[in-house]
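Let's take a friendly walk through this chain. Have the structure open beside you as you read.

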Amino acid sequence: MENPVIIKGNNHGITVILDPSVEYAKLRDFVAEKFRDSSKFLGAAPVVLGFEGRALLPEQEKELLSIITESCELRIVCLIDSDAERQQQYERTLNEKLLDLSAASGTFYKGNLRSGQALTFETSVVILGDIHPGASVTSTGNIVVLGSLKGQAFAGAGGNEKAFVFAIDMSPVMIRIADYLARAADSDRPPEKENSRFFGRQGKEEPKGMQIAFLENGQICLETLNKRIWNDIRL
């Protein structure tokens with residue numbers, strides 16, 4: 001095999017094809033390198049994962065899963081065996097896991113929102129897709145976008161100032177949390193409350209990318225998500 005590790009994706013999961021001629025100790029390093037190099041492309045979506053190409057012992061599967069999760073941002077919800085119905089099994093397993101998570105912590109919505117579409121939720125919501133310019137999402141709780149947020153997001157619609165908005169690609173036209181609103185810097189519309197643009201904690205305008213928006217001292221702040229920020233967030 002020219003490439004000892006190949007990542008093959010579909011709409012619901014990922015297959016990792018391993019070269020059976022490479023000794024396992026070296027293969028671990030190849031897996032880590034492959035997923036580190038592909039981390040930005042793979043994103044942080046929940047996926048079902050399977051291995052092909054060689055037989056693995058249970059402890060080897062466990063070790064490789066640990067290496068993959070440490071090397072990228074993917075959320076692996078389940079590991080499945082290889083079979084002829086892999087595509088259907090990916091979809092069925094992922095949907096079952098999402099239903100379990102939805103019942104415990106809020107609502108999941110799968111799909112892209114295009115201009116003119118508006119969704120409202122009475123719980124926190126995870127959007128598995130993109131929110132395009134002209135589209136909007138409103139939630140009484142938190143909003144998590146596993147994709148691009150380029151439209152509008154209104155979290156804490158019931159007045160919850162602890163609510164937050166997170167997106168893998170944070171490029172919104174507008175974000176509102178409870179009674180506070182902030183617009184993009186190039187918006188011609190006047191601001192409401194104290195915010196006209198998005199700012200980080202140090203008062204500097206934040207770059208676009210994977211970020212979380214939350215209220216602090218009456219101002220909507222944008223910050224890159226890290227362990228320190230996450231520990232401050234109340235679900």
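In strand 12, Phe 154 finds its bridge partner in Arg 176, while in the pairing of strand 8 with strand 10, Phe 154 is the bridge partner of Thr 138. Strands here are DSSP runs of E with at least two residues, helices are runs of H or I with at least four residues, and both are numbered from the N terminus. Two strands pair if DSSP finds at least two bridges between them.

| Strand pair | Bridges | Direction |
|---|---|---|
| strand 8 (residues 136-139) and strand 10 (residues 152-155) | three bridges | parallel |
| strand 10 and strand 12 (residues 174-177) | four bridges | parallel |

A word on the model: it is predicted, so local features need pLDDT of at least 70 and side-chain atom pairs count only at pLDDT 80 or more, whereas totals for chains, interfaces and linings use all residues. Residues are numbered from 1 along each chain as its sequence is written, and side-chain values use heavy atoms, with hydrogens and water left out.

Now for helix 3. Its buried residues (under 20% relative accessible area, with a 1.4 Å probe and protein chains only) are Gln 60, Leu 64, Leu 65, Ile 67, Ile 68 and Ser 71. They lie on the same side of helix 3, because they cover an arc of only 160° around the axis, taken from the directions from the helix axis to the C-beta atoms. Pro 58, Glu 59, Lys 62 and Glu 70, on the other side of helix 3, are exposed, meaning over 50%.

Zooming out, the chain has five helices and 15 strands, and 45% of its 235 residues count as buried.
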